[in-house]
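Student: I've got a structure to look at, and I keep tripping over the words people use for it. Can we go through some of them together?

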Amino acid sequence: MKKTDRAAQIWALPLPTPGGEFVAHYSTQGLCGLDFPSLGNRPECATTAVPPPPAIRRWHALATEALARALQDQAPENLPPLDLSSGTEFQRRVWRVLRKIRPGQTRTYAEVAREVGNPKAVRAVGGACGANPIPVFVPCHRVLAANHRLGGFSGGLDWKRTLLAREGVKTTG
DNA sequence: CCCTAGCGGTGCT
DNA sequence: AGCACCGCTAGGG
């Protein structure tokens, strides 16, 4: 509540979509979190009391449009800046690889491990995917287990299945 | 299908 | 420092 807290201020804004109400989190650096709709997600507890500054409302407009596109399997365009500074160095390397996977493409956890230069860190890649604060835009759902199996998803496997199905990806799991 | 061993990052103590 | 947890994988019933 003092000036020392200003750098840490986070705004949480409800983000309605046809698939339910997400919640977007913004730091002064950009979008820093995206929560899937959940039963406990009531608008009142998600919204910050103070109105967000214009820059953040602009980012939120971009995020809203981009998420609508992403949920229809169109490549999101005009994303707001993504603030991924919360991650460790390893996690940020993984997330950078994930962002290069186009809609309809997939990687395995092992392939991502190889791409970040640490081929044996396969389980750790799974951990980094699970720690991804901005699902959908950082498309951790496009990482599958070996042999086209679905693998896990912290946002709920239903969402992973849904997102992949919209992109035309088939899995054996 | 079920184990099991081996693996590396992360967070907690 | 140690330790338990994992969105894993390959190998062997």
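Tutor: Sure, let's take the words one at a time; keep in mind that this is a predicted model.

Student: Let's begin with the protein. How many helices and strands does chain A have, and in what order do they come?

Tutor: Chain A has six helices and five strands. Starting at the N terminus, the order is β-β-β-α-α-α-β-α-α-β-α.

Student: Why is Ala8 called exposed?

Tutor: The label exposed needs a relative accessibility over 50%. Ala8 comes out at 58%, so Ala8 counts as exposed. You'll find Ala8 in the segment before β1.

Student: And how much of chain A counts as buried?

Tutor: Buried means under 20% relative accessible area, and 40% of the 173 residues in chain A get that label. As for the surface, chain A exposes about 9,600 Å², with carbon and sulfur atoms supplying 53% of that area.

Student: What makes a group of residues a nonpolar core?

Tutor: The residues must be buried, belong to a set of nonpolar types, and be joined through side-chain atoms within 4.5 Å. The largest such core here has 41 residues, and Val94, Leu98 and Phe137 have the most contacts inside it. Elements giving two or more residues to this core include β1 (11-17), β2 (20-27), β3 (30-35) and α6 (157-166). The largest share, six residues, comes from α2.

Student: Now the DNA. Which residues surround DNA strand B?

Tutor: They are Thr88, Phe90, Gln91, Asn118, Lys120, Ala121, Arg123 and Ala124. Of the DNA strand B atoms that come within 4 Å of the protein, 68% belong to sugar and phosphate. Both α3 and α5 give two or more residues to this surface. Sorted by class, the surface has three nonpolar, three polar and two charged residues.

Student: How do you know that Asn118 makes a polar contact with DNA strand B?

Tutor: The cut-off for a pair of N or O atoms is 3.5 Å. A polar side-chain atom of Asn118 sits 2.7 Å from a phosphate oxygen of DNA strand B, and that is within the cut-off, so the pair counts as a polar contact. Try Arg123 the same way: one of its polar side-chain atoms is 3.2 Å from a base oxygen of DNA strand B, so this pair counts too.

Student: What about DNA strand C: how many residues surround it?

Tutor: There are 15, and the closest are Tyr109, Cys129, Cys140, Ala146 and Ser154. Here sugar and phosphate make up 37% of the strand's atoms within 4 Å of the protein. With five residues, α5 gives the most to this surface. By class, there are nine nonpolar, four polar and two charged residues.

Student: What makes the Tyr109 pair with DNA strand C a polar contact?

Tutor: A polar side-chain atom of Tyr109 lies 2.7 Å from a base nitrogen of DNA strand C. Set that against 3.5 Å, and the pair is within the limit, so polar contact is the right name.

Student: Which part of Ala146 is involved with DNA strand C, and which part of Gly152?

Tutor: The backbone, for each. A polar backbone atom of Ala146 is 2.9 Å from a phosphate oxygen of DNA strand C. For Gly152, a backbone N or O atom lies 3.1 Å from a base nitrogen of DNA strand C.

Notes:
Residues numbered from 1 in each chain as written. Chains lettered and ligands numbered in written order. Predicted model: local features only at pLDDT ≥ 70, side-chain atom pairs only at ≥ 80, totals over all residues. Heavy atoms only, no water. Near = heavy atom within 4 Å. Polar contact = N/O pair within 3.5 Å; in protein donor to acceptor, adjacent residues only side chain to side chain. Helix = DSSP H or I, 4+ residues; strand = E, 2+ residues; numbered from the N terminus. Nonpolar A, V, L, I, M, F, W, Y, C, P; charged D, E, K, R; others polar. Buried < 20%, exposed > 50% of the residue type's maximum accessible area, 1.4 Å probe, protein only. Areas by Shrake-Rupley, 256 points an atom, 1.4 Å probe, with all protein chains shown as cover.
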